[in-house]
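Reader: Hello! I am new to this structure and would like a close look at a single part of it. Could you walk me through it?

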Amino acid sequence: MNEVHRIDLPRIVLVGRGVLESLGEICTELGLHRSLIVTGRKTYDIAGERSQVILEKAGIHADVTYVNKADLATVENVRKEAVEGNIDTVVGVGGGRTIDVAKLSAFKSGTFFISVPTTASHDGIASSLASIKGLNKPYSMKANSPIAVLADSRIIGESPYRFTASGCGDVLSKAVSVRDWRLAHKETGEYYGEYAGSLALMSSSLVMRNARLIDKRLEEGYRTLLEALVSCGVAMSIAGSSRPCSGSEHMFSHTLDMIAPGVALHGEQCGVGTIMMANLHGLDWQAIIKSLQVIGAPTTAQELGVSRDILVEALVKARDIRPERYTILNKVNLSRKSAEALAEECGVI
Ligand SMILES: [Zn+2]
């Protein structure tokens with residue numbers, strides 16, 4: 001083999017109550033001096049302002065910039081600010097969208113990126129991939145892994161529970177995405193990384209097993225979810241792509257984003273997609289429903305807020321949203337009728 005497999009991982013990951021307080025020490029330890037905090041108006045009050053105080057106390061310069069969109073123009077503005085301010089680290093403090101903007105801006109400005117999520121809504125908190133609008137594709141693009149992740153379970157615990165439930169849906173979806181990957185390996189000879197696949201699969205089963213602790217809003221539950229989300233990010237870094245964490249169920253979600261934008265959260269859509277794709281794979285789809293129900297995540301089109309027609313359309317079109325990614329949908333080839341039957345059998349419509 002003369003092909004080099006390069007793996008970039010976060011250097012420091014802190015998960016637990018109050019870990020935000022360590023932000024200054026972490027930056028000092030990493031030899032960072034000038035930071036730009038990327039945050040939203042609301043998340044500034046939740047953790048952005050506190051981050052600034054902590055950094056300044058540690059003698060680290062900390063500018064703040066507010067973002068409210070995850071599009072290329074916003075990324076470009078932040079990149080400029082980072083370059084003009086002679087910044088060495090972009091600190092993303094906020095939800096999924098803010099983290100994505102911070103991650104890609106850091107990549108484009110050649111600075112380090114520190115991830116401080118205020119919600120646990122999806123697995124982008126520790127990954128090297130960013131979802132940005134205006135890229136002409138609904139899925140994510142490559143950036144760098146965060147050099148540090150500070151996932152403070154106290155902050156996550158205070159965020160609206162719906163985001164947490166959505167994060168669980170995103171993690172549970174790995175039960176399907178890893179099977180899609182294995183299927184592609186078998187059918188097309190695509191590279192399959194056993195280690196990355198196992199890590200993603202383990203995250204999914206741990207969240208399933210700890211569903212009740214998460215629903216009870218217990219520290220142990222939050223910790224399991226956060227560690228699972230970080231592990232999924234690591235699995236993608238090891239694989240060098242989103243393959244272990246994004247299969248047919250994600251393609252269903254991406255299709256919904258196109259035909260019914262903004263209706264439900266990413267992880268909520270992935271959760272419902274997982275039920276139906278698990279059925280196609282011959283997996284225990286009822287167990288997926290049960291876990292999602294315990295967690296309090298949507299399991300039906302109605303709970304997602306989409307009509308029967310839209311849901312079926314998304315199922316039929318999902319295969320074409322990412323034609324280069326081989327999944328169960330290439331094998332089954334759903335027609336309108338068979339898609340409808342599948343969604344009915346799973347109780348989704
Ligand atoms: Zn996802």
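In which crossing, left-handed or right-handed, does helix 7 pass helix 8?

Author: Happy to help! This is a predicted model, in which local features need pLDDT of at least 70 and side-chain atom pairs count only at pLDDT 80 or more, while totals for chains, interfaces and linings use all residues. Residues are numbered from 1 along each chain as its sequence is written.

Helix 7 passes helix 8 in a left-handed crossing. A crossing is called left-handed if the near helix is turned anticlockwise from the far one by less than a right angle, and right-handed if clockwise. Helices here are DSSP runs (H or I, at least four residues), as are strands (E, at least two), numbered from the N terminus.

Now for the pair itself. Helix 7 covers residues 174-188 and helix 8 covers residues 194-209; their axes come within 8 Å and cross at roughly 155°. Axes are lines fitted to C-alpha atoms, for helices over the stretch in contact, and angles run from 0 to 180 degrees between N-to-C directions. That angle makes helix 7 roughly antiparallel to helix 8. For such labels, angles under 35 degrees count as roughly parallel, over 145 as roughly antiparallel, 65 to 115 as roughly perpendicular and the rest as oblique.

Which residues touch? Helix 7 brings Lys 174, Ala 175, Ser 177, Val 178, Trp 181 and Arg 182 to the contact, and helix 8 brings Gly 197, Ala 200, Leu 201, Ser 203 and Ser 204. Two residues are in contact if their C-beta atoms, placed from the backbone, lie within 7 Å. By class, this contact holds five nonpolar, four polar and two charged residues. Ala, Val, Leu, Ile, Met, Phe, Trp, Tyr, Cys and Pro count as nonpolar, Asp, Glu, Lys and Arg as charged, and the others, Gly among them, as polar.

Another pair lets you practise. Helix 11 (residues 248-259) and helix 12 (residues 266-281) pack at an angle of about 130°, with axes 8 Å apart. These two helices are therefore oblique to each other, and helix 11 passes helix 12 in a right-handed crossing. Among the residues in this contact are Phe 252 and Leu 256 of helix 11, with Gly 273 and Met 277 of helix 12. The contact of helix 11 with helix 12 has four nonpolar, seven polar and one charged residues.

Finally, the wider setting. The protein has 17 helices and eight strands, and its domain assignment, of an automatic or database kind, gives domain 1 (12-159) and domain 2 (168-345).
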